[in-house]
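Welcome, and please have your viewer ready. We will go from one selection to the next and look at what is there.

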Amino acid sequence: MAQKDLKKVVLVVSKGNLDEAYPPLMIATGAAAMGAEVDMFFTFYGIDILKKGGAEKLQLSPVGNPAMPKPDFSPVPIPNIVSALPGMTPIATAMMKKKIKDTGIMSIPDLIKSAQDLGVRFWACTPTMKLMNIEEADLIPTAGCIGVAGFLDMAADADVTLFI
């Protein structure tokens, strides 16, 4: 397949679970590595990724996620109903972080650093910040703050705009 010449990519990040933080950050770093200008607009629960220390605290919710891989200690997948038991979110998070590390995939904090090193710009949604009582000082230093109009200005000039 012929590689297209990407000039600008804009990603909307609306989810803040561990497994949902990977796709936009991997797409962003991949596009930036290809030479594209990349902006990421973090809204609703996706803004948790931009909070100071937030990337380290992201969790994996096993509830209602039948695609969860079977744990290494079990020959079969864990029944989904077990996911609703108290304490299963930290257990699932620890198991997934171990699998990520064992597989050699970058952690979310490392992906954020890589994206920053590649020039990816991070933008927090100001209406979401107001809704969730988040101040600019609560965010990682490289994050800027813009509203919907700022996002639409970025997206209007993009070759690719994705809502993730």
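Start by selecting Met 88, Ala 92, Thr 93, Met 96 and Ile 100: these are the buried residues of helix H3. Keep in mind throughout that the model is predicted. Now turn the view until you look down the axis of H3; the buried residues fall within an arc of 130°, so they line one face of the helix. The spacing fits a general rule: an α-helix has 3.6 residues a turn, so residues three or four places apart point the same way.

What do the buried residues of H3 pack against? Add residues 18-33 to your selection: this is helix H1, their packing partner. Then swing round to the other side of H3, where Lys 101 and Asp 102 are exposed.

Next, show H3 as a whole, residues 88-103. Its 16 residues reach 22 Å from the first C-alpha to the last, close to the 22 Å expected at 1.5 Å a residue. Just after the helix comes Gly 104, with a positive phi near 90°.

Our next stop is the aromatic rings, where the count comes to two pairs. Select Phe 41 and Phe 151: their ring centres are 4.9 Å apart and their planes meet at 25°, so this pair is stacked. Phe 41 belongs to strand E2 (residues 37-42) and Phe 151 to helix H6 (residues 148-156), so the pair ties together parts that are 110 residues apart in sequence. Both Phe 41 and Phe 151 are buried.

Now pick Phe 42 and Phe 122, an edge-to-face pair with 5.7 Å from centre to centre and 70° between the planes. Here strand E2, holding Phe 42, is linked with strand E3 (residues 121-125), holding Phe 122, across 80 residues. Phe 42 is buried, as is Phe 122.

Move on to Lys 8 in strand E1 (residues 8-13). Is this lysine buried or exposed? Its relative accessible area is 11%, under the 20% cut-off, so Lys 8 is buried. Display its neighbours as well: beyond residues up to four places away in sequence, Lys 8 touches Glu 37, Asp 39, Met 154, Asp 157, Ala 158, Asp 159 and Val 160.

Finally, zoom out to the protein chain. It has six helices and five strands, arranged along the sequence as β-α-β-α-α-α-β-α-β-α-β. Of its 164 residues, 39% are buried. Among contacts between residues at least 6 apart in sequence, 73% join residues at least 24 apart. Switch on the surface to finish: the accessible area is about 9300 Å², with 62% belonging to carbon and sulfur atoms.

Key: Residues are numbered from 1 along each chain as its sequence is written. This is a predicted model: local features need pLDDT of at least 70, side-chain atom pairs count only at pLDDT 80 or more; totals for chains, interfaces and linings use all residues. Side-chain values use heavy atoms; hydrogens and water are left out. Helices (H or I, at least four residues) and strands (E, at least two) are DSSP runs, numbered from the N terminus. Buried means under 20% relative accessible area, exposed over 50%, partly exposed in between (1.4 Å probe, protein chains only). Contact means heavy atoms within 4.5 Å. Rings of Phe, Tyr and Trp (its six-membered ring) pair if their centres lie within 6.5 Å; planes under 30 degrees apart count as stacked, over 60 as edge-to-face and the rest as tilted. Accessible areas come from the Shrake-Rupley method with a 1.4 Å probe; for residues, only the protein chains shown count as cover. The expected span of a helix is 1.5 Å times one less than its number of residues. The arc is that of the directions from the helix axis to the C-beta atoms.
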